[in-house]
Every structure is written in C-alpha cells, then in structure tokens.
Amino acid sequence: MKPILIRAALLILILTAAAGLAGAQDTTRRTVTADEVNAIAKQMYCPVCENIPLDVCGTAACAQWRDEIRIQLESGSTPDEIIRDFVARYGDRVVGTPQDPTLRALSLVTPWIAAGLVVALALYLLLRWWRQRPALATAAGATQPADDDYRARLERDLQARR
Amino acid sequence: MLSEIGLITLLLSFVAAVYAVAVAAYGGRVHSERLILSARNAALSTFPLLLVATGALLIALMTQQYQNSYVWSVSDPNTPPFYRFTALWGSQKGSLLFWCFLMSAFAAGALVINWRSHRRLMPYVIAYSMATLAFFVGLVLFYENPFERWWLVGGEAVRTVLIPDGAVAPSAARLAETANGLNPLLRHFGMIIHPPMLYLGFVGFVIPFAFAMAALASGDLSTNWIKATRRWTLIAWLFLSLGLLLGGRWAYDVLGWGGYWGWDPVENAAFLPWLIGTAFLHSVMIQEKRGMLKVWNMFLVLGTFSAVIFGTFATRSGLIDSVHSFARSEIGFPMFFFWAAVTVISVGLLLWRWNRGELKDDHPFVNILSRESLFVLNNVVFVLLFVAIFWGSFGAPVISEIVMNENITLGRDYFLQVTPPLFVALYILMGIAPLSAWGATSLRRLGRSLIVPLVLAAVFVAFIVIVGHTAEPAALFGYGIVSLAGFVALYETYRGVVARQRSLGENPLRALAALFTRSRRRYGGYVVHLGITVIGIGVIGSTVFQQETQRTLAVGDSLEFGGYTMRYDGFTNAIADDGRRMEIADITLLRDGRELARLRPRHDIYPTMPMTIAGAYSTLENDFYVLLVGWEANNANSATFKVYINPLINLVWWGGLILILGTLIGTWPTETVPAHLREAAPARSRARASA
Amino acid sequence: MTDLDLSFEPENTASKPRRGLSLGSIVLIAGILLTAAVFGIALARQNQTQPQSGPAPDFTLTTLDGDTIRLSDLRGKVVVINFWASWCGPCRVEAPALQKVYERYRDRGVEFLGVAWTDTERGARAFIAEFNQTYPNGLDLGTKLAELYRIQGVPETFIVNQNGQIVQFIMQPITEQSLSAILDRVLANGA
C-alpha cells in the first residue's frame with residue numbers, strides 16, 4: 001500500500017472512531033430498535049424453547065430475555081458483552097456455538113479432525129487400491145474401453161454428421 | 001370391540017413375525033422348501049393383520065371412541081374429521097402402529113416382487129425384515145399400546161390394555177368432555193402427508209438392509225443382491241426426500257420463524273440416512289459397472305439402516321428435546337438396544353465375510369482421474385457431511401454433557417460454518433463426475449466437455465449480478481458452482497438429443513423422449529441433479545439474502561420493506577370451528593402503489609398453546625412473509641409485525657418437484673430391452689437395460 | 001432371472017481366509033461399541049427424573065441480597081426448595097401461598113430457598129417485590145441447580161428434612177393447605 005493510502009485509511013479510521021465516541025457520549029440511553037435486539041437474539045437459544053432461536057421463540061420467558069437484551073443495549077452494552085453476560089448467567093447452552101474455549105474447540109475442531117481422518121483413510125485406501133493395478137493391468141486393459149460404451153457411442157454419434 | 005379387534009390382530013401379527021423369523025432361519029439352514037414357504041406366508045400375513053389393526057384404530061378415531069385412551073389423547077369432539085384421520089400419526093402410539101403397518105407393506109411388496117428373482121436370498125430376507133418388524137410390533141404391543149382403554153375401578157380412572165376386575169366403562173359424555181384434542185402444531189395440510197412420507201422413507205430402508213444381510217448371511221455375495229437393493233433404496237430414498245421437503249414446508253408455514261430448515265436435531269436425524277443413502281445410490285453404480293467397492297457398498301446399506309433406527313430412537317426416546325420430537329417415553333432403552341444390536345451384528349457380519357476375503361473387487365482401480373475415483377470422492381464428501389452433522393446434532397452435545405457436565409447447543413452458527421465447504425465440494429463433483437468416463441478419463445476431454453456448462457454458469461452468475469443487484473462474492477461463487485452442476489445435466493441431455501438427431505434424424509422432442517425411455521437411469525439421474533441444483537439456488541438465495549425487520553404499526557400505518565409496502569388495516573377476532581380463538585391482523589400488501597394481496601397473519605390460541613401463523617405472498621423472486629408477534633391488549637390500535645423477505649425460496653419447493661420427477665423416471669421399472677440392442681448385442685443387453 | 005434352484009452353499013470365492021480380524025476391523029468395532037456406550041449413558045442420564053428421596057444434592061446459592069447459603073449448613077432444619085421464574089404463570093399463583101406458609105413456619109425450624117430458573121435479575125427482583133417475599137431467593141446461575149435437581153420446568157418444589165433427605169417432590173403449584181400439611185408431617189417425624 002502506498003503511504004498516502006495508509007494515511008487516508010488512518011484518517012478515516014480516526015474519524016469513524018471519533019464519530020462513534022461522540023455518538024456513544026450523547027446517547028447513554030438511546031432508543032433501541034427491535035431489529036437490533038433480534039440481531040443478538042438470533043444467535044441465542046433459551047432453555048425453555050427447544051432448539052428455537054431466541055428471536056423467534058414465542059414463550060414468555062423468551063420475551064423477557066429479549067426485553068433484557070433491549071435494556072442492556074439501551075444502557076450501552078455491546079452485543080458481545082450482552083452475549084457474554086447471558087452465557088455467564090445461563091451457561092453455554094444459550095449460544096449457538098459455545099463460548100467456553102474448551103467446549104468451542106471440542107465443537108468446532110472435532111469435525112475437521114474427523115474429516116482429516118476420513119480423507120487420510122480414503123487416500124490410503126485409494127493408494128493401496130492403485131498399487132494393485134500392475135498385477136491386474138493386463139486383464140483390465142482389455143475391458144477398459146468397453147466399459148464406457150455409452151460415452152463412446154455418444155461421442156461417435158455427435159461426430160457422425162459434423 | 002374395536003380395541004379387541006386391534007389387540008388381537010396386533011398380537012397375531014407379532015406371533016406371525018416371530019414365527020416367520022424362526023422358521024425362515026431354520027428352513028434356510030436345512031433347505032426345506034416347505035418351511036420357507038410357510039415362513040413366507042406368515043410374513044405376508046402380517047400385512048393384512050396390521051392393516052386391520054391400523055384400520056381399527058382409524059375407525060375408533062373417526063367414530064370418536066373416547067374410551068380408547070389414544071383417541072382420547074389426540075382428538076376431541078371439536079376436531080374436524082380431516083384431523084381425526086391425521087391423528088392416526090399424531091402421537092407416539094398411533095404413529096408407531098402406522099409405522100409397523102407401512103413396514104409390513106414394504107416387506108410384503110419385496111417378498112412378492114422379488115420372490116422368484118432372488119430366491120436364494122429370500123429365507124434370509126424374510127428373517128431379517130420380520131425380525132425388525134417383530135421388534136416394532138413388540139414395542140407397540142408391550143410398551144406403547146394404542147388400544148388401551150379408560151376404565152373406572154372403584155371410582156379411580158385407569159387406562160389398561162386388558163379389562164381390570166370389576167371395571168366399569170366411564171360415561172361417554174365425561175370422556176368426550178375431557179378429551180385432549182390434537183396437538184395444534186399438527187393441524188396443517190403438510191401433516192397429512194409429511195409423516196407418512198417420512199415413515200415410508202424410513203421403513204423402506206428395511207428392504208435394502210434385509211437384502212444386504214441376506215447376502216452376507218447366505219454368502220451369495222454376487223452382484224445379485226444389489227440389483228433388487230438399488231431399486232428398493234431408490235423408492236425409500238424418494239419417500240425420504242419427499243418427507244424432508246414436506247417437513248421443511250410444514251416448518252415454514254406453521255412454526256413461524258421464517259425458514260424451512262433450522263438444523264434442529266430431529267430434522268438432522270432424518271437428513272443423516274438421506275446422506276448415506278444418497279452416497280450408496282452413487283457408489284452402487286461402481287459395483288454394478290465395475291464390480292468394485294463391494295465392502296463399502298455393503299457398509300453404506302447397513303449404515304443407512306442403522307442411521308434410520310438411530311434417528312427413530314433419537315426422536316422417539318427423549319434423548320434430545322425438539323419441537324418435532326415425541327415426548328420422553330419408556331421405549332428409549334428397547335430402541336437403543338435394538339439400534340446397537342442392528343449396528344454391531346450387521347457390521348460384525350460384514351467384517352467377518354470381508355476378513356474371509358469373500359468381498360474381493362473384480363476390477364482394480366485403474367486411474368486417478370476416472371468416474372470411479374470421482375464417485376469415491378463423492379462418497380468421501382457425503383461421509384464427511386454425515387460426520388459433521390452427526391457431531392453437531394448428537395455427538396458434541398452428548399459428549400459435552402457426559403464428559404464436561406455442560407449442556408451445549410450447536411445451532412445454525414455451527415452448521416453454517418462446517419457444512420458449506422462440503423456442499424460446495426458436492427456440487428463441484430456433481431458438475432464433473434457425469435462428464436467423466438469409467439476406467440479412465442483424460443483431463444483434456446473433461447475440460448473440453450466442461451467449456452459450455454462453464455460459460456453458461458458464468459452467464460447465469462452475470463445475470464444474477466445484473467438482476468439481483470448483488471456482488472456478495474461467497475453467494476456468487478455458490479451460484480456459479482451450483483448452477484454448473486445443473487448446466488452439466490442440461491447440456492449432457494442436450495448433447496444426447498443432438499446425437500440422436502444427427503445419427504437417426506429424429507426431431508428434438510422425439511429424440512428427447514427416446515433418450516429418457518432408453519436410458520432412464522442416466523437421464524433420470526440428470527433430472528435429479530437439476531432438481532438438486534434448483535434447490536441449491538433457492539437455499540443460497542433464501543439463506544444469504546434473507547432480510548428481516550420488526551416494527552410496531554398503528555392502524556393505517558405503512559411499512560416499506562424490500563420494495564414492498566405493507567399497510568396495517570385493522571384487527572379481527574374470530575372463533576374457528578374447532579374452538580380455537582384467532583387473533584388476526586388485516587394487512588394490505590402493495591408494490592409501487594398497486595395492491596398485490598391482502599394478508600392475514602394470525603395467532604391461533606388453543607387451550608394448550610398459542611401458534612403464530614404467517615401470512616405470505618409468494619412470487620418466483622421472493623416471499624413476503626409476515627408474522628404477527630404482538631398487539632395492544634384491548635383494542636389492537638397498534639400491532640407488532642415481523643417481516644421477512646425470503647428470496648428465491650420457492651425454488652426449494654420447485655426443485656423438490658423436479659427431484660421427485662427425476663427419481664420416478666429413474667425408478668420406473670423397465671422390462672423391455674431396446675430393440676436395436678436386442679438384435680445387435682444380446683450379450684450386453686442386461687447391462688444396457690439398467691444403464 | 002429364473003434362479004429357482006435352492007442351493008444354499010456359500011460361493012467359495014475365498015482365496016486365503018485370514019485368521020482373526022484385521023486392525024481396521026477391530027478399530028471399527030471398537031468405535032461402534034464406544035459410540036453405543038456413549039449414547040446409552042446419555043439416554044440413561046436423560047431418563048433420570050427429579051429425585052424424590054435420598055440425600056438432597058448439596059449446593060450453594062447466592063441470594064439476590066448477596067448472601068451465600070449452603071444447603072448442608074441448614075442441617076437440622078426442614079428446607080423447602082422452590083424453583084420458579086418470574087415469567088411463569090403458575091409461579092405467580094403459588095407465590096403468595098409460599099410467603100404465607102414461610103411466615104407461619106419460619107420460627108419452627110423451617111427454611112425456604114427460592115431458586116429463580118432462567119430468569120433475568122430484573123425480572124426476579126420485580127417478582128420478589130411484587131409478592132413481598134422475605135425468604136432467601138437467588139438466581140440459578142448457569143442453570144446448575146436445575147441440572148442438579150433435574151427439573152423439567154417451573155414451578156417445582158422439593159422438601160428436605162432435618163437430616164438432609166428429600167422427603168417430598170411437588171411438580172405443581174403448591175397451595176397453602178398442602179404445603180402446611182407436608183411441613184407438619186415432616187416436622188412431626190423429625191421431632
């Protein structure tokens with residue numbers, strides 16, 4: 001990046017930060033829209049509704065939780081803070097993926113480890129399979145073209161009247 | 001009377017199934033034709049017996065026999081006849097009986113259709129399918145009996161299967177008064193057909209399972225078993241796909257959260273067998289064509305059935321909580337042990353045969369770039385999807401609870417992080433594999449056949465950018481990959497038509513029809529791919545570009561959202577025929593000042609629970625989907641609405657229809673061998689007929 | 001297609017039967033057994049219901065007034081553990097009765113502990129103020145207590161006797177009459 005661009009970027013960064021700060025100062029109790037509340041509630045699950053995100057759960061408990069989110073937003077908490085607060089109060093089950101580092105790792109890393117194992121196993125089997133080739137190559141060589149008679153015929157037909 | 005009929009037929013079907021297992025196994029061992037026929041007749045008799053039992057329960061429901069405690073618990077005098085019928089599968093007991101009935105129907109179908117063609121396998125097919133049926137009928141009979149009745153014994157109300165001493169029937173009026181009524185969630189047209197389809201999909205996999213086990217047990221491991229199995233798998237797969245689609249539609253209409261797939265454990269439990277079943281439908285072709293992957297195919301068939309039983313167990317035992325699941329019940333442990341036994345025995349048997357070297361492949365693996373290897377990759381991706389979804393729905397929550405004593409939820413977040421790369425890989429393979437050849441294929445040839453579909457996909461993406469005013473790179477990439485798979489299917493079909501036109505001089509329509517009749521499986525498969533493509537485009541659109549907002553409107557106020565204007569006109573209260581109270585908001589939907597529709601999102605208030613029913617306006621472009629989420633208590637001068645714009649969501653349903661059409665084309669039995677093959681190459685006709 | 005003969009001998013395609021199972025097979029079988037064991041344990045745990053007898057699981061409750069109360073420190077007293085939530089209708093019904101019974105029995109060796117389940121602090125405080133509840137009430141942080149007592153919803157009430165044994169579990173809103181009767185009985189037994 002050219003220096004002038006970096007300077008411009010820095011300027012913009014400072015300006016936005018300042019604007020944000022100013023905004024935060026004069027609206028310590030700002031009005032919060034339902035959409036802001038829902039955006040946070042969407043990421044959460046309440047133990048009363050089974051597997052239904054908090055933003056669409058219709059129970060009284062969930063309405064109260066959404067209200068709590070609104071109040072916390074009004075008093076200036078950030079979405080992250082609110083989610084952390086809810087996790088501290090009600091446990092990791094209230095979020096779509098756990099916040100606790102161990103549980104988070106367990107949840108998110110395991111499928112990829114499993115994926116790695118499956119891929120490694122498949123590769124190993126493929127390679128072993130392939131190695132057997134020379135022994136039987138002569139037999140396979142004879143049958144190979146005939147196996148794909150459909151495709152061969154299709155190509156032949158397509159060439160036919162060109 | 002009805003209860004007695006139901007109980008007796010249920011008991012008889014249990015006895016018949018157990019008898020069939022014992023006699024078929026013994027008859028198979030001693031090669032007694034007489035015994036095997038007797039076992040077959042016993043197995044066939046379970047179908048009429050369970051038909052009568054199910055019919056008895058249905059009549060009890062329709063004629064409001066509230067002394068039957070199942071009827072009492074799922075209907076009341078206000079329930080309309082239509083929902084009385086669907087109440088048959090409205091709760092655990094009835095739905096288990098219905099499930100048994102469907103399973104016996106499948107078993108009878110397989111025994112009749114495949115009796116001659118797969119005679120050697122039949123004793124074992126009878127034994128394994130009837131063992132499964134006996135287990136489920138046993139569950140109904142001993143744990144979840146839908147023919148229990150209410151009795152008064154010394155003033156106490158009790159429900160029992162057998163009539164207790166000194167019992168008096170309670171008064172009909174009192175019973176009718178206290179009856180529960182159907183769970184409101186189940187009062188939807190999708191509920192007429194969604195559970196039966198899903199059950200058909202689930203129980204249908206018992207036939208492939210029985211065939212696979214029969215092959216393993218008898219040692220007849222030729223490709224013979226796989227022919228019957230493929231078609232039965234395809235039938236079960238069709239119903240399962242239909243069940244999944246209808247389930248999504250039901251959730252979209254009834255659950256009121258603006259979507260069709262919530263990655264709920266119960267939804268996933270039905271999706272898991274679909275994944276392995278689909279993997280099998282692909283890899284089975286390798287075995288048919290090349291005699292390869294025998295062990296793997298067997299493993300997939302057994303795995304699909306194991307996943308079916310696991311899904312049933314997980315949703316019916318209370319292992320997981322979900323809106324879709326049945327209440328916690330006694331049958332948890334029996335189902336668990338059955339699942340464990342099925343899995344261990346089948347895999348054990350497979351490994352035993354394998355270790356004896358009886359499942360050697362006919363052909364070696366020849367080339368890294370061939371259709372075989374692409375299919376193997378496809379299977380790897382399906383397995384990975386299975387692992388990721390299984391882990392998220394069951395593995396992680398259960399392990400975290402047992403090991404760390406912490407309840408966790410893995411929701412949309414998790415699944416949207418883990419699954420998209422795998423789906424992308426699947427669609428890429430869907431685009432390439434149909435162009436590759438068995439044995440070996442060259443990169444050059446593959447690249448050449450990809451040019452046209454790639455150009456078409458690029459044009460499609462450009463079209464999306466211009467029409468949809470979007471430049472979200474991930475979504476555009478997704479659209480490109482997904483549409484490529486569809487264009488390959490279309491282009492291949494087009495090339496087939498052109499080939500026929502050139503070589504035979506047929507007109508395009510005739511050529512197309514001929515293609516489909518000659519190679520049902522190939523072109524049926526392309527249609528399925530096209531359906532999956534359309535679904536994929538709908539899923540990307542409705543997931544990535546879904547917009548939502550929530551606003552409180554006073555009467556007469558309007559809300560502008562997603563190019564629509566929605567005006568709140570007023571509020572209506574009503575009482576429906578079945579006694580529920582409805583709170584309805586009247587809404588007018590406009591676009592550019594023109595009235596499009598009047599929507600009536602509402603709250604249905606049942607004695608047990610409230611329900612939020614959306615109002616929706618559908619176009620091919622998007623759905624305007626509005627929920628009434630709150631209103632002022634007394635006069636509803638203002639009400640709160642949640643509005644969703646769900647782009648392209650209808651493509652999901654349309655894609656589903658295409659998929660079903662394609663599967664039907666691929667499954668439809670072909671008895672005739674094409675004329676030119678009959679003359680030209682009789683030796684090859686068998687392979688061709690199933691190509 | 002017309003394979004009508006009934007020969008059941010397995011085809012002898014086995015080239016050289018191996019003895020025992022291969023490593024892969026053993027790993028696979030072990031994996032399946034392990035998975036089954038995990039789900040079996042999970043099911044067994046899931047099927048457990050609220051304890052109706054035996055020693056009451058011990059816990060520490062931080063009340064909304066900031067005190068910490070340990071259940072085992074209340075040995076010698078009869079303890080009524082009531083799970084509730086401010087959003088729960090039936091809990092509102094039983095709240096006045098609970099307070100009334102508490103006032104009547106507090107000097108006779110009975111302690112009440114209110115546990116607010118999945119409740120917000122604001123909601124819980126408002127509820128306590130509304131019903132003038134004077135017995136110790138606290139939030140169930142992390143829903144740990146709910147898991148300990150395996151409650152399925154609210155209101156649910158457990159009565160623990162002087163020796164720390166659960167003597168009664170009530171899965172519905174309590175009434176003044178029923179709770180008094182139970183407490184009288186437990187007090188009489190303990191005396």
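Trainee: In this predicted model, how do you know that B:Cys100 is in contact with B:Leu50, B:Leu133, B:Phe136, B:Val137 and B:Val140?

Mentor: The test is a C-beta separation within 7 Å. Neighbours within four places in sequence being left aside, B:Cys100 is in contact with those residues, so each of the pairs satisfies that limit.

Trainee: Which residues touch the most other members of the largest nonpolar core?

Mentor: They are B:Ala20, B:Cys100 and B:Met130, in a core of 273 residues. Helix H10 of chain B, residues 224-255, gives the most to this core, namely 20 residues.

Trainee: What makes B:Tyr568, B:Phe624, B:Tyr625 and B:Ile645 part of a nonpolar core?

Mentor: Membership requires buried residues of the listed kinds, Tyr, Phe and Ile included, joined through C-beta atoms within 7 Å. These four belong to a second, separate core of 21 residues; therefore each of them counts as buried.

Trainee: Why are strands E2 (156-160) and E3 (167-168) of chain B called edge strands?

Mentor: Each of the two pairs on one side only. The open sheet of 3 strands has the order E2-E1-E3, with antiparallel pairing.

Trainee: What makes E1(B), residues 149-153, and E3(B) a pair?

Mentor: Pairing demands at least two bridges. E1 and E3 of chain B have 2 bridges, in the antiparallel sense, so the requirement is met. B:Leu152 has B:Val168 in E3(B) as its bridge partner.

Trainee: How many residues of chain C are in contact with chain A?

Mentor: There are 9, touching 12 residues of chain A. The chain C side comprises 3 nonpolar, 5 polar and 1 charged residues.

Key:
Residues numbered from 1 in each chain as written. Chains lettered and ligands numbered in written order. Predicted model: local features only at pLDDT ≥ 70, side-chain atom pairs only at ≥ 80, totals over all residues. Buried ≥ 20, exposed ≤ 12 C-beta atoms within 10 Å, placed from the backbone. Helix = DSSP H or I, 4+ residues; strand = E, 2+ residues; numbered from the N terminus. Contact = placed C-beta atoms within 7 Å. Nonpolar A, V, L, I, M, F, W, Y, C, P; charged D, E, K, R; others polar.
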